[in-house]
Amino acid sequence: MKNFVGYLGRAFITFLQDLSSLYYLFRETVFQSFVLITDRKKLSQARLLTQIDEIGTQSLPLVLAVAGLLGVAMTVLISFQLKEVGGYSYIPGLVAVAIFREMGPLITALIVAGRVGAAFTARIGTMKVSEEILALETMAINPVRFLVVQRFIGLLFSLPALTTLASFMAVFGGFLFGSTRLGIRPDTYVRETLDVLTFTDVYSGVIKAGVFAVVIVMVGCYRGLVVEGGAEEVGRATMLSVVSSTLAIIVLDTVMTGAFYG
Amino acid sequence: MIRAHGIKKNYGVRTVLNGIDFVAERKKITYILGSSGGGKSTLLKILIGALKPDDGQVFFHEMDITKLRGTGLDPFRKKIGMLFQQGALLNSLTVGENISLPIREHTPLDDNIIKIMVKMKLELVGLRDFEDLYPGQLSGGMQKRVALARALALDPEVVFFDEPTSGLDPIVSSVITKLISDLNRVLGITCIVVTHAVEEAMKIANKIVILYKGMVLAEGTPAEIRGSSDPIVQQFITGSPDGPISFHASSRDFREDLLVE
């Protein structure tokens, strides 16, 4: 029992230390982002488009495929319940609202955290253990500006865009199923969707995506920057990175959903 | 030029450096020798400002770099170069991009001039044709030469070398050793080399500092070190397995260790 309490205490202290370090990393990243944006020469060297391509474009096929299937699955589940009460006309609106408010941002962020956040940790962690980050510091090059800022800006652009596309794709998946298998007329489906969906539903999803982008970059890069040791530690840090960002995304999603619609 | 005074460093209860004093003179080659795990790399990290000592100062000219933090270290770091043991080249950048990185970061020069500078640095290390390759496509020796070219990118006053010849074949080791000697002789660069390669030090060093148990055991010219009557120095430079330097790193008695449950 004493050991368990000790373990909990140590875990809590480590959590607070991580949180404090993440805050300082975030502050430095925001500051260095302004430095980069205001320096035209450094901005041209920053390869932001490459980052957006790596993070956004290359995640697009997976995100769209998952989103489309999610839209179909949600429509199937909702139709199963509404069939009993003859409420098929509610399906388009229900699916669209659930996707834009909740499922679109959440699923996209979880996919990107697993795909991109893990890659950030693995790449930066490997650079740390092979002394590449120390080499940057020795050359008076700020590692946060060189390694974190371009990823931060890249994901801040990419994730809201990916989320919006994923939400549209999921709604389209629902539309396909609804109009082909449930017998809802396509024009009715579209009209019902547009009647229910509000601008707040769309922008709340985009805001959520922006917050999730910050979480994924900060956690992914932080876990990489604090790696000590060798390959085994890089693997452990990558696993921790995915677990931490997944947890943080789900907690923040609940908080934001409560704030927007609670 | 570089003066270390009373450097102490502990990792937990283990004392790694216990009051290191030495001076690396301007335009000279200083070798810091010591056995593996003897605190050489820790001392090097303190000398380049990557690690803070628990006590003591490191002066570059008259500037105490142990008092500097963050960007305060930048003026010092722009005047030094560092060759890491494994090269530490950025694997996502080509050889040319690696070398141009510090130049782009710290000078307003345009691309054409930077390209010429990169070619000049690569020519210095004999790898002018390898500009467009990635570090992963080069051998270990080539990577170290590229890393040296990068360390020289900003024409530093001092270059630090961490085990520059470890893991290399004898010919490549000789090439690297000759490069260090040439940099010092031709360009007047102060070189501080941390290694356990005694013969290499004897060949080109102006001064040798031997570390033992976290302290300076001996310092002097190669001739003075060779002539030392200290049995530990003699064992170290001859590489004899028998002598006062124990093969066993454990501090506890073996019999006691076995009898402990």
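Trainee: Before we look at Ile216(A), what makes two residues count as being in contact?

Mentor: Two residues are in contact if their C-beta atoms, placed from the backbone, lie within 7 Å. This is a predicted model, in which local features need pLDDT of at least 70, side-chain atom pairs count only at pLDDT 80 or more, and totals for chains, interfaces and linings use all residues. Residues are numbered from 1 along each chain as its sequence is written, while chains are lettered from A and ligands numbered from 1 in the order in which they are written.

Trainee: OK, so which residues is Ile216(A) in contact with, leaving aside its neighbours within four places in sequence?

Mentor: Once those neighbours are set aside, Ile216(A) is in contact with Ala109(A), Val112(A), Ala113(A), Val116(A), Gly117(A), Leu155(A) and Ser245(A).

Trainee: And how many residues does the largest nonpolar core have?

Mentor: The largest nonpolar core has 124 residues, and those with the most contacts inside it include Ile216(A), Ala109(A) and Phe160(B). Such a core is a set of buried Ala, Val, Leu, Ile, Met, Phe, Trp, Tyr and Cys residues joined through C-beta atoms within 7 Å, where buried means that 20 or more other C-beta atoms lie within 10 Å of the residue's own.

Trainee: Which helix gives the largest share of this core?

Mentor: That is helix H5 (residues 91-129) of chain A, with 17 residues; helices here are DSSP runs of H or I with at least four residues, and strands are runs of E with at least two, numbered from the N terminus.

Trainee: Where is the kink in H5(A) centred?

Mentor: The kink, of about 55°, is centred on Ile99(A), the bend at a residue being the angle between axes fitted to the seven residues ending there and the seven starting there. Just after H5(A), Glu131(A) takes a positive phi of about 65°.

Trainee: Switching to chain B, what is the strand order in the open sheet of 6 strands?

Mentor: The order is S6-S7-S8-S3-S9-S10, with mixed pairing, and two strands pair if DSSP finds at least two bridges between them. Strands S6 (80-83) and S10 (215-220) of chain B stand at the edges, each with a single partner strand, so one side of each is left without a neighbour in the sheet.

Trainee: How do S3 and S8 of chain B run, parallel or antiparallel?

Mentor: They run parallel, joined by 5 bridges, and Leu33(B) has Thr195(B) in S8(B) as its bridge partner.

Trainee: What about the hairpin, which strands form it?

Mentor: S4(B) and S5(B) form the hairpin with 2 residues between them, and His61(B) in the turn has a positive phi of about 55°.

Terms used: Buried ≥ 20, exposed ≤ 12 C-beta atoms within 10 Å, placed from the backbone.
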